[in-house]
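Biologist: Mind walking me through this fold? I'd like to hear what stands behind each label.

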Amino acid sequence: MSITKKVLALGAVGLMAAGLAACSSDAEGATEGGDVECNVGISMPTRSLERWINDGEQLEALLKDEGCTVDLQYADNKTSEQISQIQNQIAGGAKILVVAPIDGEVLSPVLSEAKKTQDAVVISYDRLINGTEDIDYYATFDNAKVGKMQGEFIVDQLGLDDGEGPFNLEPFAGSPDDNNAKFFFSGAWDVLLPYVENGQLVVPSGKSPKSNDEWASIGIQGWASDKAQAEMDNRLTSFYSGDEKVDVVLSPNDSLAIGIEASLKSAGYAPGEDYPLITGQDADKANVKAILDGEQAMTVLKDTRKLGEAVFEMIKQIVAGDEVETNVTYDNTKFDVPTAQLDPVVVTKDNVQEEIIDSGFIDASELGL
Ligand code: BGC
């Protein structure tokens, strides 16, 4: 990643600019002269996770308010379904595609079709689409920082820098087909591996990658809660006996954390002194509740409203023919993709009120408060 000249003023994402659907501009810019019709296809991976529902519906609402034509589709975590939905959007006249890929490696042919037939502008959403020149922009949170925050949280809470330990750690990683998963894992593992190597962290299951490159060996396909639960069940029955307890679980996100927590609870772990420290990401309702109930120590909030606003801002610039403002680049193996990158925030019991409730991310009543 490298910093580009332009800095996206995220605090100042303007929502009020009028006339998106008017679509006429002769300004110069990345989309070569503007004149892009605001006809947008949004392709999200699944409805099974709260965050993608929020992501999709919010961006759809912002765009519709501006008079754009919008087609929002969810692909049930099936790559073939996502490809055919994008094909339909192209056939339906989409000039701008916003795609959160299920598999970051397989969309080249359909995006090449989008370029050839519609000259569509393609924005990779949250997850990077690799191996193609047929994308234009990327919008995401700093994914390596998400993992780093999880790793640093573990180090701080366990007092590893004060020499505390040894502690039993069980690390998990995200879906092997999701480009983000490797960033989450390596961000965390860069922080934690030295403590594994010096013995302050011990991994009884042996599922401890020797380097970041081996992360997929502990990846949970499709980010599925039930698969994470089964994996944790297996580790508990196969590698823990007698008084041996899990002290800490590196969970890259909230859907995995839910499965891991269910497994621990059914094995008899109860919130309190011996309950392991568990990380997460997304600030899903169930997990924020788990934080309040002492069943999860932290989550990383990636405010989907801000990501949606950043993409909305990009689309306005594209439609107007203005230069699209980005602040970093990500290498997708074909080129350095201009990217709007946002900062994540750690959420614990101590700042749920401020970051989640006062910010309006989740209503207090939905958390039973
Ligand atoms: C997203 C996470 C999400 C995960 C599972 C990742 O690509 O960045 O926010 O938890 O996918 O859907």
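Modeller: Sure. Two strands pair if DSSP finds at least two bridges between them, and strands (E, at least two residues) and helices (H or I, at least four) are DSSP runs numbered from the N terminus. This is a predicted model, where local features need pLDDT of at least 70, side-chain atom pairs count only at pLDDT 80 or more, and totals for chains, interfaces and linings use all residues. Residues are numbered from 1 along each chain as its sequence is written, and side-chain values use heavy atoms, leaving out hydrogens and water.

Biologist: What is the strand order in the open sheet?

Modeller: Seven strands run β2-β1-β3-β4-β5-β12-β11, with mixed pairing. β2 (69–74) and β11 (328–331) are at the edges because each has a single partner strand, so one side of each lacks a neighbour in the sheet.

Biologist: How do you know that β5 and β12 pair?

Modeller: The cut-off is at least two bridges, and β5 (residues 137–141) shares four with β12 (residues 336–342), in the parallel sense. So they count as paired. Y138 stands opposite T339 in β12.

Biologist: What puts the buried residues of α2 on the same side?

Modeller: Buried means under 20% relative accessible area, exposed over 50%, partly exposed in between (1.4 Å probe, protein chains only). In α2 (residues 79–91), Q82, Q85, I86, Q89 and I90 are buried. They cover an arc of only 140°, which puts them on the same side of α2; the arc is that of the directions from the helix axis to the C-beta atoms. On the other side, S80, N88 and A91 are exposed.

Definitions and conventions
Expected span 1.5 Å × (residues − 1).
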